Structures are given as structure tokens and as C-alpha cells.
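Please walk through the structure below with attention to its packing, its internal spaces, the contact between its chains and a few points of backbone geometry.

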Amino acid sequence: MVISHALGARIKRREDPRLITGRAIYVDDLNFAGMVHVAIVRSPHAHATIRSIDTTAARRAPGVVAVWTGEDVKARCGPLPVGPRIKEMKAPKRFPLVIDGVVRHVGDPVAAVVATTMDAARDASDLVEVDYEPLPSVQDPEAALEPGAPILHQDLGTNVCFRMTYGGGNVEEAFAGADVVVKTRIVQQRLIPAAMETRGVVAQYKGGELTVWTSTQIPHVVKTTLAETVRLPEHEIHVIAPEVGGGFGSKLDVYGEEGLVAALALALGRPVKWIESRRENFIATIHGRGQIDYVELAAHHDGTVAGLRVRAIADLGAYSQLLTPGVPTNTGLMCCGCYRIPNAHAEVIGVFTNRTPTDAYRGAGRPEATFLIERAMDLLAAELKMDPVEVRRKNFIPPAAFPYKTPTGAVYDSGNYERALDKALERADYRALRDEQAKLRKQGRYLGIGIATYVEITGLGAVAGLSGGNWESATVRVEPTGKVTVLTGTSPHGQGEETTFAQIVSDRLGVPVEDVVVLHGDTRAVPHGVGTFGSRTTPVGGSAVYVAAEKVKDKAVQIAAHLLEAAPADISTDGARFTVRGSPERSVEFKDVARMAYKAYKLPAGMEPGLDVTHFFVPKERVFPFGTHLCVVEVDPDTGEVTFRRYIAVDDCGNILNPLLVAGQIHGGIVQGLAQAIYEGVTYDDEGQLLTGTFAEYVVPQATDVPAFELDHTVTPSPHNPLGAKGVGEAGTIGATPAVVNAILDALAPFGVKDLQMPITPRRVWEALEGNSASR
Amino acid sequence: MHVLLPRTLEEALEMKASAPPAVPIAGGTDLMVELNFDRTRPQAIMEISRLPELNVWRRENGTFSLGAGVPYSRIVRDLTEFRPLVEASRTVGSPQIRNRGTVGGNLGTSSPAGDALPVLAAYDAEVVLAKAGGKIRRLPFAQFMTGPKKNALAPDELILGTRWKVVRGPGSFSKIGTRNAMVIALASLCLVLDEDGRSVRVALGSVGPTILRAPDAESFAARAMETAGVWRDPFGPLPTRVIEEFGERVAAAAKPIDDVRGTAAYRRHACAVLAQRALRWALDDRKLTGAR
């Protein structure tokens, strides 16, 4: 494709003026006459039987309209979706409130109190008396696998949700014949997605239509699911994702509260609102990561990797949410990274524990995969006393090998891993950094240089847990005045596609970006859609826009040719005007073609009126962005504090539609990735109580905590979509965590420290240096 | 809930006398968190941020008085002569929090993690309390703060401010947290040298039920500086071993606990590191200023 002035341009986000001036409308901004508010009573126990629920006092409290328990939900709601249908997977049903009398994590919803104000609802919710009989609970996923462990779901008879294996070649033989084997155990701690806007739902049943406003990444999936959950014909349901203040995967779900609030609106005949408090967000919205990975890498003396063995135990939490099993299975699929590893085997086990459910969180299984292979490569380099760069170089899949099928079954579309690595090394002046490191060590200062070369998978969607497939829809509608309306089935919530999709249309049709408006997140406005997740919006949703715009252009050319009495092949266009080649005086303006398309008295024979095309784009294959992140840190051996010195990211997301937006995605992604490395981590006590229950304990980095980022790119277009684009929403997160951890461990190499548990806090560094591992 | 809106200090003290449970609110940076999380539901709150008497500072006879209502951002901007106080104030919250938060609030809350408190302890500050009828009490800081979130403030009193004898000499405030800013300290330390009294003062935050002084370490350092002649000659060498032992003695004064943010062992270690660094900075500063 040709990148025009519009595509690839550094255009500022058109979304931002309304966001930064406070004019955007979020769920909590909606208020309707007669609206009532919901507060949810949640379990304080990790595992308990509900002996009884006494709602008498709550019902009598001022302003209370209704109090629901599981009984009410059982009578009115069907189950919620429980994830992809993996073979022999055992997934329990889940409902908007607990209906079987057993709570399985702190935060499990037990009752709902509805009142005329939010304060009244919250006050009355304290009056709901729930008599619990605590049961033994299991917190650790490995403990949950042990015989005799408390079973969460008695009807399943096991805590194992699924087992999946990936791999090919002969791993046993590879290990037997290898010169060295390095092993590690990695704990991918749980993370809290911490979107700036918590979840929220407003529902109203009026005039035979149920309208649900919800802070979601997937309004169309919510609509289809709600039809089954609240038992209403789908065409009577209208779901709107208004402005959504971040998701990072935590809103890629159909949550119980969406069904609950909708069912309440139907039953009460009043508008109903529920806004999640920040405290609830920590226990009732999904967590990310939560995986224990046993990794073994076999290699020859020269650094050539012979085999990889991975056993991943995924902490699913108490239930399987919409895509829960799809996360650790991504780890199995992607664990070979950028390397040609002939023999690989990965076993992925999903385990229920008495904790908040986990599900997709920025990267969703690929950060875990990248981390384990990138750590293993550094361990191998240390074992062989090789430079980590050289070990990687030795094992890269070479450019000529694409498309390349890994033994775990992924088919990488395109790549040039060494080019990205070289660019990062050059930018960093790697040799000089190593010299500086050696010099500083003599002064008792500890510089660390960490490298992560990643490949990841984007353009996901074909998951059985979703009502949609791996496609995305787009409508490009040229209005009779020549202005353009784009409808996209993706649901951007901060990614900026109102800007980039307008650029695509501008590029194809030649109209100015200002003449294009992009609508999304409303199931009445946009007939079909899957949503925004898995870095799919641009490669899949953007490609749908691209093809629809192309089809519009073809039709416009035909109309113009007819009006100019020329053959379509003889028409040239600059977008604003169609001209007969060789006869510049014979031309017609784009807006006149648009008008004629609707006036329709002078169209080519057999042509339908209108200038409006809907296209469902189905990608042939998934696409695999890649890159190299290089991080330089200094570790203070007295306090254990880590200071960032430099951060260089060379990312390849294929063709770049807008460099400003790509940089924004990479910046945010890196911050979330380095946060996992040194700041963020969920801690529970042995009873399943969340110890990191507020932002005072759960440490999210701020502007002063992150380095300046030096960004660069290589461009390896994907052959699988017309934009040649690969998603970039998660790449930063995927590259950053191993780059930072590798840097810290590189700094600590003189002390013989080989592994540290994330988040690598000053305390953990100091303990490792003291040889004092009293850490949890 | 009643909201009391006194216009003068006198009015405020009378209101407090007739409604002792009323909780004063100035910046609200602590109290509003408590209210939002429903940890406290006072019958009444009294808005004191506009009381002119609390928003002033004053120097007289070598003593400095700081009104309870002076926000941290003004301290950072205007009170640069008190370097440890400025450094502590700068680490309080975000710019917005510093525009609202006050030293009076730190005193009222009496959290061991209150950033300004180690500075007041190291300054040997007094806390000035008032009640209706013009009755004033002045309590040494150590007698004012009695435990975690506990102090000697009587129900009918308000905190007017704090005052301390200005001493000549370098000093610093430093802390270790889990990130750079807007964080509850794992350990904080204020060190002040008194050139005229030839004494060293150290106070520790976040490592005990109250702000802790380290008297043993203080007299050890002062004596060692005397022995080495460093008080007279700032360029005189102080043995490295002295600085290390000073750190160890400071750490020994800490009474830390394990919690979700950090372990007792790490906190104690952090005290030693902060103490050694603070002493080195102070000694270096004396070389620059010639201990004047």
C-alpha cells in the first residue's frame, strides 16, 4: 500500500479536547429522573457457606427500594459466559450474585441493595446480615493441585479447570544431548489493572427497549450475552459504551453487575445505576497475570538452544470469566519467543483458587511467555559466560524463515529480529555502556543493562467464549454532502481510533480528516462488532475500514465515470475531484458524486443508490509484532533502590498509521510493564484477605518514577492485512518487564544474585544482597 | 453532620469548648480519606483553614513559630532557611496535596509516617495548644505525640502551631519509600547539627509507634566529633568507622514492625543507611560553609 499524507501523519488525537476539558460523558455522568442506585454486599471470606441472609433491617432502611439475594437472581437471570471451550475444560457456572450458597473469594457478590441514593444504598448494605460458616480455603495454585486441598467447586470434583499441552520435536532427546541446562521458577505475581475509571453500569427499560450503558471494551458481546442472561430478545437490547476511562483487559468481560443492573431495571421499572468503588475494583474486577512457570532450557556450548520445557500453573481465581483460560494458553503458544527452538514442550494447567478471578490484562499471556524465555536466555548467557546479545543473535529465527511455524503451533507472519536488536544496540551504544559498567563496578557502583527481544501475537478474536469471531466490521458511509461517517465494531477506550480510522478514510477517499467522523461503542449505531482488545483494533478493525473505504471509492469512481461519460478505468482522482485522464476539463467533485449517489436519477444501469459500504474483515492469519527493549538501571546496594538511567525501545508494528499514537501506546505500555518489574504486586494473606487493598499499599508508578523513553522503530509490514499493520497496544508492556528485570539482575551479577521475585522492591534487593531471604 | 464555620480563632475555641467532639478540618488531606472510607463519622467538623491566626509565622528572640494552618507549598516556597523542613514538605503528597496539607494536620493526625514530624522532633519543637479563655499550653513534641495516631490534645483544644529555637548548622530530611513520590515512607530520618550547642540530633519516622529520637547515637556522634576535633575544624577527618557506628546506633533506636509495605529488618537497615548518609551530607555541608 502507499502511505499518503494522511496515513503515517503525526496528527494529534481528536478525542483529547473533550477528554481534557471535562466534556466527555462517562457512565457515572448519566442521571435520569427516578433513578435508583445499587450497592453490593460482598463476601468478607475467601471461602464460606452462607447459612442465612437476613435482609429485614436493610429493607426498612431509609430510601431502600429493593434488596436482592441469590434467590432473586436465580429466578430472573441465566448464567454468564465462562470462557473458551477448551477440550475437557471444567468450568463452573457463574451468576450475577452467588446462587448456590457458597462464596469463593473475598468480594464474591452476595446481595444487592437498591435505594434512592447511592449513600442510602451503601448505608443500608451494611445492615444486610449474612451468617457465614467459613470453609478451609486455598490461596496458592500449587497447593490447590495437592490431594486433599479444599475444592472450590464440589460439583467439578477438582480444582483443575483445564490442562493444555503445546509442543513439537523431541524434547527428551534434546535435553539428553545438550551440554547445558538452565532452570528457573518464575512467579508472575497478580496485578490489578487499575483503570482510571472503575466499572459502572446504568440500565433503563423504557418503551420496550432495555438500554444498558456500561464501561466495557465489548458492547456487542455484552448485548448478545445479556439477551441470554436477562432473557430478553436481543433486538430489544441496546448497549452503549460511553466514554470508557481505560480497560487494559479488565473491561473485556461480561460481568455479573451488567446482568444484575439490567435485571433490576426490568424488575423495578426504574433506571438503575451501579458504580464500582475503588475498593470494590480491587476485589471484584479481574486481576491480571497470576502464573507460576517452571522453565528449563537446554543448549549446546556454542549457545545454540536445543530444547525448551515449560510447565505453567495458572492461578485462575475462583471462577472462569469470559476469557480466563485464553490467557495462560497464550503463554504456551508463545513461549518460544523470537528463537528457533526445534524441540519445545509446554504444559499449561489452569487452577481454581479462593481469590478474585484472573483474566486478560494488557498482554494477556504474552508478557508471561516473553518473560520466561527472555529470563531463560539471560540465565543461559550467564551459564555460558556469553554476552546476552550474542546468545540471542545465535538463536533468532532468520528473516528468510518467515512465515515460520513454532513447535508450539504459532505461525509468525514476518519479522527481522536482528535488525530491531541492532538498532537498539546502536542507539544505546552498547559497547560504551558495557565499558561504563565495568568502570563503575570498580567504584562500587552497580549499573545493569537488560535486554528483551520479544515477539507477540495480535489481532485476536476467534475465541469460542465470545459471541463474535475473529472478524471486525466497518461501515464507511459518505453522506449526501460528501461528509463521511465511519461506524466501527471495535470499541476504542483511549487508543485513539477516532483519529487513526479517520486517517485511513482520508487516505483512501482523499477527503480531509476533519470531514470524517468515527462512531463506535453503540450497538444501535453500529450493527455488528466484536470489540477492542488483544491489540486487534488497528490490524483487524482498521483493515475493515480500509476495505470498506476502498469499496466506496470504487463505487464513487463508477458513478463519476458515468457522469463524465467515460470508462471507470479512465478516471483519476485526487480525492476531492474525479477527472477523465487526459481531459482535465472533464471533472466532477467528490461531493457532487456523493449527492448523485443519493439523488440516484443518473446512476449506471443496475447500480443501487447510496454511497455506503459495510465490510466484515476476516484476517487470514494473526500478526506478530516484535522488537527489542533495552533498559539501563543503577542499583544502590545499600538501600536496594533501583534507578532508571535509560530506556530504549525499538518496536516493529509494521506500517505506522500515526507515530504520535504509537508512541503513546508504547509509553503507557512500558510504564505498566516496568510497574510489574519493580512496583506492583497483589499480596494476599493466608486467609485470602487482600493486603494490597488500596493504592497506599498497591504501588502504581507515577510520572516521577519512570525514565524518559527513547523510542525507535523498524518497519516490517504484515502480509496479512491491507494496512500492513500489527497491533501495538500491548507491545510496550510485553517488552518492558523482562528488560527491566534483566537489567537489575545484570547489575547484581557481581553479587551472585541470579533471580529475584517481582516486584523487585528495595527490600527484596537488599535481602538478596544480605543473603537474608526472610521475604514472603 | 454539622459544619462549624468560625471566623476567628476566638470563635473557633469557643465552638470547640461547647462542642468538643467537633473535628477541625484545614486541608482535609487526612480527614477526608477517613470520611470517604467511612472510618470515622464525626458529629461535627469545624472548618479552620481560613482562620488568619493559624496562617502566619513569626520570629522572635531566636525562636520560630509556625502556624498550624500554613500549607506545605508555602513552606517550600518561603521558608528555605529551614532546609530539613522544606525537604520534608516537598515529599508530602502531590502539588495539590501540598497546597492544602498543613503541619497542623500532621500533628493532629500524629501518624508515625507524617513527613513533617521527624523534623519537628529533631528541632526539639514545642506544640502550642489553645483553648477558650486564652489558655495556652506548650508541650515538647515528645510529650505531644504519645503513640500511633495518638496525642495529648485535649478535646476542647486546638493546635495553634509549633515553635522551635532556631539553631545554626546543617541538616537534612530523607526517606525511603516504595516509589519516589506520593508514598507512605518505609523509613524517614531527620538529622540536625547544632553548631553552638555542639550536638547532633536525629529523629526517625515510620519505624516505631511514635517519632523516635536516637539519644545514644546522638551523643556518640557529638562526642566523636569532639574527639576528632571536627566541631572546630570542619575539614578535620571523622573516621569512617564512626559514621558506620553512628548508623548502627541509630538503627538500634528504631522499633520497626513488619507490614505489607516492608519488613522490620529492612526498615532498621534503612535507618542505618539514611543516618550514615545524612551525617556525611552534614559534614560535607560544613566543609562548604566553614561551619559558620
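T538(A) is a convenient place to start: this residue belongs to helix α16 of chain A, which spans residues 537-564. The model is a predicted one. With a relative accessible area of 17%, T538(A) counts as buried, because the cut-off for that class is under 20%. Setting aside neighbours within four places in sequence, T538(A) has contacts with E497(A), F501(A), S543(A), L657(A), L723(A) and A725(A).

In chain B, a comparable entry point is I211(B), which sits in the loop between β13 (199-205) and β14 (212-213). I211(B) has a relative accessible area of 9% and is therefore classed as buried. Beyond four places in sequence, the residues in contact with I211(B) are P112(B), L117(B), P118(B), A121(B), F141(B), M145(B), A203(B), L204(B) and G205(B). The C-alpha atoms of I211(B) and G114(B) are 9.0 Å apart, while 97 residues separate the two in sequence.

From single residues the next step is to the cores. In soluble globular proteins, nonpolar side chains tend to be buried together. The largest nonpolar core here holds 132 residues, and the members that touch the most others are L308(A), Y412(A), L630(A) and I744(A). Helix α11 of chain A, residues 366-384, gives the most to this core, with 10 residues. Another core lies apart from it, with 48 residues, including V505(A), V513(A), I559(A) and L611(A).

What does L308(A) touch, not counting residues up to four places away in sequence? The list begins with V171(A) and F175(A), then takes in V295(A), E296(A) and L297(A). It continues with C335(A), C336(A), I341(A), N343(A), A344(A), H345(A) and I373(A).

The packing also leaves internal spaces. Rolling a probe the size of a water molecule over the atoms shows where empty space is left. How many cavities of 30 Å³ or more are there? The count is three. The largest cavity has a volume of about 60 Å³. Its lining consists of R289(A), G290(A), Q291(A), A314(A), D315(A), L316(A), T324(A), V327(A), P328(A), T358(A), D359(A) and E368(A). Three elements of chain A, namely β13 (288-299), β14 (305-317) and α10 (326-334), each supply at least two of the lining residues. Sorted by class, the lining of the largest cavity comprises four nonpolar, four polar and four charged residues.

The second largest cavity holds about 50 Å³ of space. T458(A), G459(A), P539(A), V540(A), P619(A), E621(A), R622(A), V623(A), H720(A) and N721(A) line this second cavity. By class, these divide into four nonpolar, four polar and two charged residues.

R289(A), one of the residues lining the largest cavity, also stands out in its backbone. R289(A) has a positive phi of about 55° although it is not a glycine, and it lies in strand β13 of chain A. Is R289(A) buried or exposed? Its relative accessible area is 4%, so R289(A) is buried.

A600(A) is another non-glycine residue with a positive phi, in this case of about 65°. The position of A600(A) is in the loop between α17 (590-599) and β25 (612-617) of chain A. A600(A) is partly exposed, because its relative accessible area of 28% falls between the limits of 20% and 50%.

Cis peptide bonds are a further point of geometry. The bond from F402(A) to P403(A) is cis, with omega near -5°, and P403(A) is placed in the loop between α12 (388-395) and β16 (404-405) of chain A. M758(A) and P759(A) are likewise joined by a cis peptide bond, with omega about -10°. P759(A) lies in the loop between α19 (731-747) and α20 (762-770) of chain A.

The contact between the chains remains. The size of an interface is often given as the accessible area lost when the parts come together. Chain A and chain B bury about 2000 Å² between them, with 53% of that area on carbon and sulfur atoms. The contact involves 24 residues from chain A and 22 residues from chain B. On the side of chain B, R179(B), V260(B) and Y266(B) supply 31% of the area that this chain buries against chain A, more than any other three residues.

Conventions: Residues are numbered from 1 along each chain as its sequence is written. Chains are lettered from A and ligands numbered from 1 in the order in which they are written. This is a predicted model: local features need pLDDT of at least 70, side-chain atom pairs count only at pLDDT 80 or more; totals for chains, interfaces and linings use all residues. Side-chain values use heavy atoms; hydrogens and water are left out. On a 1 Å grid over the protein atoms alone, a cavity is a set of points where a 1.4 Å probe fits but cannot get out, and a pocket is an open set with protein on both sides within 12 Å along at least five of seven lines; lining residues have an atom within 4 Å of a point. Grid points are joined across faces, edges and corners, and a volume is the space filled by probe spheres set on the points. Helices (H or I, at least four residues) and strands (E, at least two) are DSSP runs, numbered from the N terminus. Ala, Val, Leu, Ile, Met, Phe, Trp, Tyr, Cys and Pro count as nonpolar, Asp, Glu, Lys and Arg as charged, and the others, Gly among them, as polar. A nonpolar core is a set of buried Ala, Val, Leu, Ile, Met, Phe, Trp, Tyr and Cys residues joined through side-chain atoms within 4.5 Å. Buried means under 20% relative accessible area, exposed over 50%, partly exposed in between (1.4 Å probe, protein chains only). Contact means heavy atoms within 4.5 Å. Buried area is the accessible area (1.4 Å probe) that two parts lose on being put together, summed over both.
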